[in-house]
Amino acid sequence: MESLGLLMDGFSIALQWDNLLWAFVGVLLGTAVGILPGIGPALTVALLLPVTYSLNPVSAFIMFAGIYYGGMYGGSTTSILLNTPGESGSIITALEGNKMARSGRASAALATAAIGSFVAGTIGTIALTFAAPALADMALVFGPAEYFALIALGFTTISSVLGKTPSRGLLSLFLGLALGVIGIDLQTGQARFTLGLLPLLDGIHVVVVAVGLFAVGETLFLASQSKGAGEIINVKGWTWLSRDELSRSWKPWIRGSLLGFPIGGLPTGGAEIPTFLSYAIEKRLSSKPEEFGKGAIEGVAGPEAANNAAAAGVLVPLLTLGLPTSATAAIMLAAFQQFNLQPGPLIFINNPDLVWGLIASLYIGNLMLLILNLPLAPLWARLLKIPSPYLYGGILVFATLGTYSLNNSVFDVGLMYMIGVLGYCMRLVDVPVAPAVIGMILGPMAEQQFRRALAISQGDPAIFFTRPISATLLGLAFFALVSVPVYRYWQTRK
Amino acid sequence: MNRQTRIETGFAVSVIVLGLYLLYGSGDINLGSGYDRIGPRFFPYLIAAGLLITSLMMLLESWQQRHDTQALSIEIFPLVYIASGLILCVLTLEPLGFVLAVTLLFVMISRAFKSTRPLRDAGVGLVLAVIVYYIFTSGLGLVLPEGILAGIM
């Protein structure tokens, strides 16, 4: 049990006063941005990157982890009280949770979501503690060919899963890849698609793209919709569960966690699928299936747990392989690069303090979140009363601030706004933006590994198909690419 | 062709144009020297091909699919307010300074979200901008443009 010893070392780092403070700041910010519509953990971490330049990396990542987990807790509050899911993982929570809230059971819905998130977060973090080092050991044998194949698998699965149709997910991915090409080619030093503009020689920072797509694109989209604000349901008093509600909740919590972690940990990522599966399972297993659609507590407990366990699962490929499978994970990868760290098997050997301090802080952050969210949910709900003119005005002030601070450059701000217009157009035509962010950060890595692999093989492309791991991963990638269209075609033929 | 289909067609066609530009531009990239076998042109070609294929697929899907006639209601005025707010902010960020530029932006965004009290919005925006300015410069050590308030701030 080498992991346990390392985890204890991690706790000795995470329990230092200043790191506890950073974790607290992280969970506080995370809960707040999770609750506020229009701003999520990906955007928040992106905007905080320039601020953390001067921080030590361990503290910065402890704060980011708090924001990441906190965002999941906060998102469920908005789903339940406002019926507008803050992020895709909480769509299902809104289904039953908002019905519960409308029938006066808001506090039970909030409580089962918060405790379920805690249970799932803890189970997920325990699983991460043991799965991550094991996977990192396996990944030590990965060469450039395997890394390229892995990224290719990530590209195809993430793009097929996100978005209305696979072609739209892939289109978004290629847009991100195109943005990633801009700048000086690392291998040959040649400028590519810089349009003669000096600031583009260094390439476009992923924060510029993420902030543009998420903050500006979303603001434009919401402002152009004439839809009025939703009705916010008030909660009063303490949030707690009755004995009956508890006995109906605990099994869905466990099942949701066990479902969410492995699916979240796959290179496909995505927190939505386990929440949908959990909902379907709970509906089938429930002794009162007739309550589903009218506010069944199992329909909140299960998916909410699945969502949080999947969030822990996403950290496995991120930490062990350097493969981000969600927008927030992509920004966290950018944060690692900012500190000149490359997540992957070697980070467990070279920076054990960072990795284990981070994992230990997840346990602590989870506990903080339970304490912050369970009794204080009604207080947090007040954030929903910020009028939308001020909310979005504020979001754009912070977006401008964060983007300018990257390089003290007005050019970046203008570029970010333009990418925001692109994000608005993508929203209009149902093209998801997350694959673009992931493609933007992974594209240059994919190209580098691809060219390295061919340099090793002296130009022979067979290297990708003769090495067993690489061949398997590429086979899976191809399967992911063709299976969805083939399946749909077959369905329409029937 | 209803409006949603028209918008999707416009988007897909723009991406096709972008793909063609990448295809054309990839040939202009200097190969550089060295013994890199793949060279800096290969990936741009690949991406151009990907953009062309996926946008054509999206075009076909969009034409085959029937959309609800009232899928999206787009209001133009809020978009105009936000767009002019963004342009103003880029133009004034350095001359006027961070505080005044983002206050202006804040007012424009608020207007886009149907606020009818621009003076109050300006007050709220100014207070927010000043607080943010001091937290991030004095507190967190970032550098933000002072602009015309250089002597006062």
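Where is the place of A:Thr52? I found A:Thr52 in the loop between helix H3 (41-48) and H4 of chain A; helices are DSSP runs of H or I of at least four residues, strands runs of E of at least two, numbered from the N terminus.

Notes on the model. I worked on a predicted model, where local features need pLDDT of at least 70, side-chain atom pairs count only at pLDDT 80 or more, and totals for chains, interfaces and linings use all residues. Residues are numbered from 1 along each chain as its sequence is written, chains are lettered from A and ligands numbered from 1 in the order written, and side-chain values use heavy atoms, without hydrogens and water.

Entry, A:Thr52. I read 1% relative accessibility, so A:Thr52 counts as buried (under 20% relative accessible area; exposed is over 50%, partly exposed in between; 1.4 Å probe, protein chains only). Leaving aside neighbours within four places in sequence, I listed A:Ala60, A:Met63, A:Phe64, A:Gln338 and A:Phe339 in contact with A:Thr52 (heavy atoms within 4.5 Å).

Entry, core. I looked up the largest nonpolar core (buried Ala, Val, Leu, Ile, Met, Phe, Trp, Tyr and Cys joined through side-chain atoms within 4.5 Å) and found 207 residues. A:Phe64 and B:Phe98 are among those that touch the most other members. Helix H4 (residues 57-82) of chain A gives the largest share, 15 residues. Domain 1 (3-64) and domain 2 (76-149) of chain B both contribute, so the core lies between them; the bounds come from an automatic or database domain assignment. Not counting residues up to four places away in sequence, I noted that B:Phe98 touches residues including A:Val397, A:Leu401 and B:Tyr133.

Entry, salt bridges. I found 12 over all chains (a side-chain nitrogen of Lys or Arg within 4 Å of a carboxyl oxygen of Asp or Glu). B:Glu61 and A:Arg168 meet at 3.8 Å, N to O. B:Glu61 lies in helix H2 (residues 42-64) of chain B and A:Arg168 in helix H8 (residues 166-181) of chain A, so the pair joins two chains. I read a relative accessible area of 0% for A:Arg168, which is buried.

A:Arg192 and A:Glu447 meet at 2.9 Å, N to O. A:Arg192 lies in strand E2 (residues 191-192) and A:Glu447 in helix H19 (residues 434-456) of chain A, so the pair ties together parts that are 255 residues apart in sequence. I noted both as buried, A:Arg192 at 3% and A:Glu447 at 5%.
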